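This report goes through one structure, part by part. Please keep the sequence and the 3D view at hand while reading.

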Amino acid sequence: MEEKVLKIKLLREGAALPCRETAGSAGFDLQACLEAPLLVAPGERAMVPTGLGAEIPQEMAGMVFSRSGLGTKSGMVVAQGVGVIDSDYRGEIKVPLRNMGKKAYEIQPGERVAQLVLLPVCLPPVEEAQALSATQRGEGGFGSTGK
């Protein structure tokens, strides 16, 4: 079996390779590649550059998740919940952050702002169906199974 490799290109001065802080870390921390601090007011969004380009292995996708500590302590989270980086994207990785907190937050150059997790992608062929198989749940959704 061929070993999967995440290739990273530093695109700008000040960019840092993503790293895992502990052996058990599921994601690679992404750092802000900024020339100066960036102030984000409550409720506002900011596109934070990382200065990195990536070659994500085929049949995988890069998922950009919030860092739990940053989100819990300051309210800074990935704006759309989870960012998806396709394996054929070669541009700069940027992290859209939203300040869900009650105070302005200042992102510092080099600060770890998100984490990149590589996940396998299943891409079966798509075919149109006239009917779908029956299940116990059926069309029930949005709380149909109770609390």
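## T50 and its strand

T50 is buried in this predicted model, with a relative accessible area of 1%. T50 belongs to strand β4, which spans residues 45–55. A polar atom of the T50 side chain lies 3.2 Å from the backbone nitrogen of L52. Leaving aside residues up to four places away in sequence, T50 touches A15, L30, Q31, C33, E92, I93 and V95.

The burial of T50 fits the strand around it: of the 11 residues of β4, 8 are buried, so β4 is largely enclosed by the rest of the structure.

## The four-stranded sheet

β4 belongs to an open sheet of 4 strands, in the order β1-β4-β8-β6, with antiparallel pairing. At the edges stand β1 (7–10) and β6 (76–78); each has a single partner strand, so one side of each is left without a neighbour in the sheet. From one strand to the next, the twist averages 45 degrees. In general, the strands of a sheet pair through backbone hydrogen bonds, either parallel or antiparallel.

The pairs can be followed across the sheet. β1 and β4 run antiparallel and are joined by 4 bridges; K9 has G53 in β4 as its bridge partner. β4 and β8 are paired in the antiparallel sense over 6 bridges, and the bridge partner of P49 in β8 is K94. β8, residues 92–99, pairs with β6 in the antiparallel sense over 3 bridges. V78 has L97 in β8 as its bridge partner.

## N99 in strand β8

Strand β8 also holds N99. N99 is buried, and its relative accessible area is 1%. A polar atom of the N99 side chain lies 2.9 Å from the backbone oxygen of V40.

Residues up to four places away in sequence not counted, N99 touches V40, A41, P42, G43, E44, S74, G75, M76, A104 and Y105. M76, one of these contacts, in turn touches V40, L70, G71, L97, R98, N99, Y105 and I107, with the same sequence neighbours left out. V40 and Y105 thus appear in the contacts of N99 and in those of M76.

## The nonpolar core

M76 is also among the residues with the most contacts inside the largest nonpolar core. That core has 25 residues, and the others with the most contacts inside it are L30, V64, V95, L97, I107 and V113. Two or more core residues come from each of β4, β5 (60–66), β6, β8, β9 (105–107) and β10 (112–120). β4 gives the most to this core, with 4 residues.

Some names recur from the sections above. L30 and V95 are touched by T50, and L97 and I107 are touched by M76.

## Cysteines

How many disulfides does the structure hold? The number is 0. A disulfide is a covalent bond between the sulfur atoms of two cysteines.

C19 is in no disulfide, and the nearest cysteine sulfur, that of C33, is 14 Å away. Seen from C33, the closest cysteine sulfur is in C19 at 14 Å, too far for a bond. A disulfide here requires sulfur atoms within 2.5 Å. C19 counts as partly exposed, at 27% relative accessibility, whereas C33 counts as buried, at 5%. C33 is also one of the residues touched by T50.

Conventions. Residues numbered from 1 in each chain as written. Predicted model: local features only at pLDDT ≥ 70, side-chain atom pairs only at ≥ 80, totals over all residues. Heavy atoms only, no water. Pairing = 2+ DSSP bridges. Axes fitted to C-alpha atoms, helices over the stretch in contact; angles between N-to-C directions. Buried < 20%, exposed > 50% of the residue type's maximum accessible area, 1.4 Å probe, protein only. Polar contact = N/O pair within 3.5 Å; in protein donor to acceptor, adjacent residues only side chain to side chain. Contact = heavy atoms within 4.5 Å. Core = buried A, V, L, I, M, F, W, Y, C linked by side-chain atoms within 4.5 Å.
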